[in-house]
Amino acid sequence: MAQGKFISLEGTEGAGKSTALQFIKQYLLKANIDVVWTREPGGTEVAEDIRRLVLHPMSFEEIEPETELLLMFAARAQHMKKYILPALNAGKWIATDRFIDASYAYQGGGRGMEMNYIAMLDKWIVGTNYPHLTLLLDIPPEIGFQRAELRGAEKDRIEEEKMEFFVRVRDVYLQRAKQDPARIKIIDANVPLFAVESQIRNVLDEFIKTHHSSTRP
Ligand code: Z5A
């Protein structure tokens, strides 16, 4: 059976990932492509438990950056083995709300963790199983902050960080996009929704043209 296709969605706070996800779901469905959806941290029962621990901890004890990094990869190890790889091996298309680039951006850029350590964990846990396509919703952090404020949802532990943290996160995302332009497609998210959707549509059309050979009956 043909190997499935793997898409990830990334962006900083308030970039509009959740909004874009709905659009992508509908667009792929219209193109007769069945996609399974997941997210990180999370995607399996154990990984969702780790998500709660890392984003909404019950304890007042501070979570060390090293612990946060390892928890992100612990969740990812579970997610890879129990969900992502079985789906890809079954020939499915899979799309995830955040993946490996988030670890480089948030733990490497935001927290200032050593990139070599992240690369070692990446090699071990993800290896060659990288997304075929990554959509990076890019927005200046101050605009993203304003949007997130307007949305008014409760903040998680990482969203409580200061603006400088998200500036560093964005810088790493953009650096990675520059290093891997074939995979990571930058979507300017600082424009009205219809213009964001139009950029996403162009990228998906190109991807589908290259990667989707069969359609549902
Ligand atoms: N994390 C990590 O640190 N390391 C890792 O390895 C991984 C993750 C995998 C969970 O992410 C956290 O985990 C995340 C990184 C960390 N922490 N932070 N920050 P998440 O994806 O679950 O949570 P999130 O990043 O906060 O995403 P979100 O809450 O879903 O926000 P969003 O999707 O980017 O935004 P939205 O809800 O779609 O849009 C925000 C508002 O703007 C909303 O009211 C929209 O209606 C509005 N909007 C959207 N698009 C537009 C446009 N174009 N114009 C105007 N208004 C718009």
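This note sets out numbered points on a predicted model, covering its pocket, nonpolar cores, salt bridges and one helix residue.

1. The largest pocket. Its volume is about 740 Å³. The lining comprises 31 residues, and Glu 13, Lys 17, Arg 98, Asp 156 and Glu 159 are the ones nearest the centre of this pocket. Two or more lining residues come from each of helix H1 (17–30), helix H2 (45–55), helix H3 (65–89), helix H4 (100–110) and helix H6 (141–151). The greatest contribution to the lining is that of H4, with 4 residues.

2. Character of the lining. Sorted by class, the residues lining the largest pocket are 13 charged, 11 nonpolar and 7 polar. The five residues nearest the centre include Arg 98, which is taken up again below in connection with a salt bridge.

3. The largest nonpolar core. This core contains 36 residues, and Phe 73, Ile 84, Phe 99, Tyr 106 and Tyr 173 have the most contacts inside it. At least two of its residues are supplied by each of H2, H3, H4, helix H5 (115–125) and helix H7 (163–179). H3 gives the most to this core, namely 9 residues.

4. Surroundings of Phe 99. Once residues up to four places away in sequence are set aside, Phe 99 touches Phe 6, Ser 8, Glu 10, Glu 40, Arg 76, Met 80, Ile 84, Val 126, Asn 129 and Pro 131. One of these, Ile 84, is also listed with Phe 99 among the residues with the most contacts inside the largest core. The residues touched by Phe 99 also include Glu 10, Glu 40 and Arg 76; the salt bridges of these residues follow in later points.

5. Salt bridge between Arg 98 and Glu 10. The structure as a whole has 14 salt bridges. In one of them the side chains of Arg 98 and Glu 10 meet, at 3.8 Å from N to O. Distant parts of the chain are linked by this pair, since Arg 98 lies in the loop between strand E3 (93–97) and H4 while Glu 10 belongs to strand E1 (residues 6–11), 88 residues apart. Arg 98 counts as buried because its relative accessible area of 15% is under 20%. Glu 10 is likewise buried, its relative accessible area being 0%.

6. Salt bridge between Arg 76 and Glu 40. The N to O distance between these side chains is 2.6 Å. This pair also links distant parts of the chain: Arg 76 is in helix H3, Glu 40 is in the loop between strand E2 (35–39) and H2, and 36 residues separate them. Both Arg 76 and Glu 40 are buried. In addition, salt bridges with shared partners join Glu 68, Arg 111, Arg 157 and Glu 161 into one network.

7. Salt bridge between Glu 48 and Arg 39. The closest N and O atoms of this pair are 2.7 Å apart. Glu 48 is buried, with a relative accessible area of 19%, so it falls just on the buried side of the 20% limit. Arg 39, by contrast, is partly exposed at 33% relative accessibility.

8. Gln 199. This residue lies in helix H8 (residues 193–211). Gln 199 is classed as partly exposed because its relative accessible area is 23%, a value between the 20% and 50% limits. Beyond its neighbours within four places in sequence, Gln 199 is in contact with Ile 186, Ile 187, Asp 188 and Val 191. The C-alpha atom of Gln 199 is separated by 31 Å from that of Thr 44, which is 155 residues away along the chain.

Methods:
Residues are numbered from 1 along each chain as its sequence is written. This is a predicted model: local features need pLDDT of at least 70, side-chain atom pairs count only at pLDDT 80 or more; totals for chains, interfaces and linings use all residues. Side-chain values use heavy atoms; hydrogens and water are left out. Buried means under 20% relative accessible area, exposed over 50%, partly exposed in between (1.4 Å probe, protein chains only). Contact means heavy atoms within 4.5 Å. On a 1 Å grid over the protein atoms alone, a cavity is a set of points where a 1.4 Å probe fits but cannot get out, and a pocket is an open set with protein on both sides within 12 Å along at least five of seven lines; lining residues have an atom within 4 Å of a point. Grid points are joined across faces, edges and corners, and a volume is the space filled by probe spheres set on the points. Ala, Val, Leu, Ile, Met, Phe, Trp, Tyr, Cys and Pro count as nonpolar, Asp, Glu, Lys and Arg as charged, and the others, Gly among them, as polar. A nonpolar core is a set of buried Ala, Val, Leu, Ile, Met, Phe, Trp, Tyr and Cys residues joined through side-chain atoms within 4.5 Å. A salt bridge is a side-chain nitrogen of Lys or Arg within 4 Å of a carboxyl oxygen of Asp or Glu.
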